[in-house]
Amino acid sequence: MADSVEHPADLPACPSAQGAAPGLLPPELRGWMLLLAATGAVEQRLRSVVKERLDVSHDEFLVLCLLAEQPQGGLRMTRIAELLGRPKTRLTYQIACLQHAGLVTRKSVCGDKRGVEAALTEKARRLLHEASGTLSETVTGALAHVMGPEQCAAMSELMPGVAAAAAAASTGTEPEPEPAAASD
């Protein structure tokens, strides 16, 4: 059996990144396939970074990311399961692991005896903040590897560093750091 772990530099560029002419697939399906390739590349690269920096699994990291986007409180467990497309039983296990690590809290939802809400702890917020630069660079590098210039330009509206990383990758230079976002 061939070695399943290949280094990105050893892989050919994604066909979408090569600016392939329109083919058999409609644009929506080509776009979906590019999104799948980008998602796979990001997940593959993030797995080791997340384990090293946060000491959690990739699936647990996704839970932390969802909770991190909640400025007040947390999310109901059913909503987290829905957003991640995970069975509730699997999510219950993941939340228990995160709670044991001191990264999330669980509490009953007021007025609903079956409802449970999960929220980040300050420890989790601190760890995510400390790892944010490395996580951002990992995502940007993975996306730049599978996307072509047009796709990176479109993605730059959502994630500004992607276009710069793609340009740097094509020229073999280091990308310019993005200016820090102004805080309110």
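**Sheet, hairpin and helix α5**

Visitor: In β3, what's the bridge partner of V104?
Guide: The partner of V104 in β3 is L120. Strands here are DSSP runs of E with at least two residues, and helices are runs of H or I with at least four, both numbered from the N terminus.

Visitor: Anything to know about the model first?
Guide: The model is predicted, and local features need pLDDT of at least 70, side-chain atom pairs count only at pLDDT 80 or more, and totals for chains, interfaces and linings use all residues. Residues are numbered from 1 along each chain as its sequence is written, and side-chain values use heavy atoms, with hydrogens and water left out.

Visitor: OK. How many bridges join β2 and β3?
Guide: Six, in the antiparallel sense, between β2 (residues 104-109) and β3 (residues 112-120). Strands pair if DSSP finds at least two bridges between them. S108 has V116 of β3 as its bridge partner.

Visitor: And the turn of that hairpin, which residue has a positive phi?
Guide: G111, with phi near 85°. The hairpin has two residues between the strands.

Visitor: What's the strand order in the sheet?
Guide: β1-β3-β2, an open sheet of three strands with antiparallel pairing. β1 (75-76) and β2 each have a single partner strand, so each has one side without a neighbour in the sheet.

Visitor: Which helix packs on the sheet?
Guide: Helix α2 (residues 58-68), which touches β1, β2 and β3. Contact means heavy atoms within 4.5 Å. The direction of α2 makes about 95° with that of β3; axes are lines fitted to C-alpha atoms, for helices over the stretch in contact, and angles run from 0 to 180 degrees between N-to-C directions.

Visitor: Switching to α5. What does α5 reach, first C-alpha to last?
Guide: 35 Å for its 25 residues (122-146), close to the 36 Å expected at 1.5 Å a residue. The expected span is 1.5 Å times one less than the number of residues.

Visitor: Where is the kink in α5 centred?
Guide: On S132, at about 55°. The bend is the angle between axes fitted to the seven residues ending there and the seven starting there.

Visitor: T140 in that helix, buried or exposed?
Guide: Buried, at a relative accessible area of 14%. Buried means under 20%, exposed over 50% and partly exposed in between, with a 1.4 Å probe and protein chains only. Other buried residues of α5 include L127, A131 and L135.

Visitor: How far is T140 from C152 in space?
Guide: 9.9 Å, C-alpha to C-alpha, with the two twelve residues apart in sequence.

Visitor: How many disulfides?
Guide: Zero in the whole structure, a disulfide being a pair of cysteine sulfur atoms within 2.5 Å. C65 is partly exposed at 31%, and C97 is partly exposed at 25%.
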